[in-house]
Amino acid sequence: RDGGKEAGAHFPSQGRVPRSPAAVAVYLFGQMRTFNRTICSLRRHLIMPLLSDGYRVHIFAAVEEDNTVADAQLLHTLPQTVVHLRIFNKSAVPIPQQCFELLTKGWSKGVLRA
């Protein structure tokens with residue numbers, strides 16, 4: 001410490017310009033089925049700590065157009081964030097046919113486990 005200030009620290013009173021805050025990107029993808037129940041946790045455990053640490057938060061969300069897509073608008077209630085929202089039709093997402101068949105076959109037979 002030097003005169004009560006940490007060595008190398010930048011203080012506006014010394015005429016130095018502080019660095020702009022770093023940006024963080026949060027990416028959400030999928031259906032919004034339970035988003036109305038999880039947004040508070042997202043806010044409390046991810047968004048607010050990042051904001052309190054001085055980060056600029058950008059949320060990128062690509063969500064499926066279904067009967068819960070309206071819940072995506074809840075993203076706009078998160079404080080001090082920039083929301084980039086894209087809504088897509090499920091049929092527009094390219095999935096290799098073999099992967100789709102294996103997933104469908106495995107899911108219907110109970111082969112896939114969490």
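**View 1. Surroundings of Ile39 in the predicted model.** Apart from residues up to four places away in sequence, Ile39 is in contact with Leu74, Leu75, Thr77 and Leu78. The C-alpha atoms of Ile39 and Leu74 are separated by 7.7 Å, although these two residues are 35 residues apart along the chain. Ile39 is part of helix H1. With a relative accessibility of 7%, Ile39 falls under the 20% limit and therefore counts as buried.

**View 2. Helix H1 and what covers it.** The buried residues of H1 include Phe35, Ile39, Leu42, Ile47, Leu50 and Leu51. An α-helix has 3.6 residues a turn, so residues three or four places apart point the same way. Strand E1 (23–30), strand E2 and strand E3 (81–88) are among the elements that cover the buried residues of H1. The helix bends by about 40° at Arg43. After H1 comes Gly54, which has a positive phi, near 90°.

**View 3. The largest nonpolar core.** This core has 17 residues. Phe35, Ile47, Val57, Ile59, Val63, Leu75 and Leu78 are those with the most contacts inside the core. Two or more core residues come from each of helix H1 (35–52) and strand E2 (56–64). H1 gives the most, with six residues. In soluble globular proteins, nonpolar side chains tend to be buried together.

**View 4. Contacts of Val57.** Val57 is one of the core residues with the most contacts inside the core. Residues up to four places away in sequence are not counted here. On that basis, Val57 touches Ile47, Leu50 and Leu51, and these three are buried residues of H1. Val57 also touches Val24, Val26, Gln80, Thr81 and Val82.

**View 5. Strands E1 and E2 with the helix between them in the chain.** E1 and E2 pair in the parallel sense, over eight bridges. Phe29 stands opposite Ala62 in E2. From E1 the chain crosses through H1 to E2, and this β-α-β crossover is right-handed.

**View 6. Glu64 in strand E2.** Glu64 has a relative accessible area of 11%, and because this is under 20% the residue is buried. Leaving aside neighbours within four places in sequence, Glu64 is in contact with Gly30, Gln31, Val69, Phe88 and Lys90. One of these, Phe88, also appears in the next view as a member of a ring cluster.

**View 7. The aromatic cluster of Tyr27, Phe29 and Phe88.** The structure holds two aromatic pairs. In one, the ring centres of Tyr27 and Phe29 are 6.5 Å apart and the planes lie at 25°, so the pair is stacked. Tyr27 and Phe29 are both exposed. In the other, the rings of Phe29 and Phe88 have centres 5.5 Å apart and planes at 10°, so this pair is stacked as well. Phe29 lies in strand E1 and Phe88 in strand E3, so the second pair ties together parts that are 59 residues apart in sequence. The partners in this pair fall in opposite classes of accessibility: Phe29 is exposed, with a relative accessible area of 56%, whereas Phe88 counts as buried at 9% relative accessibility. Ring pairs thus link Tyr27, Phe29 and Phe88 into a cluster.

Terms used
Residues numbered from 1 in each chain as written. Predicted model: local features only at pLDDT ≥ 70, side-chain atom pairs only at ≥ 80, totals over all residues. Heavy atoms only, no water. Core = buried A, V, L, I, M, F, W, Y, C linked by side-chain atoms within 4.5 Å. Buried < 20%, exposed > 50% of the residue type's maximum accessible area, 1.4 Å probe, protein only. Helix = DSSP H or I, 4+ residues; strand = E, 2+ residues; numbered from the N terminus. Contact = heavy atoms within 4.5 Å. Bend = angle between axes of the 7 residues up to and from the residue. Pairing = 2+ DSSP bridges. Right-handed = clockwise from strand over helix to strand, strands pointing away. Phe/Tyr/Trp six-rings, centres within 6.5 Å; stacked < 30°, edge-to-face > 60°.
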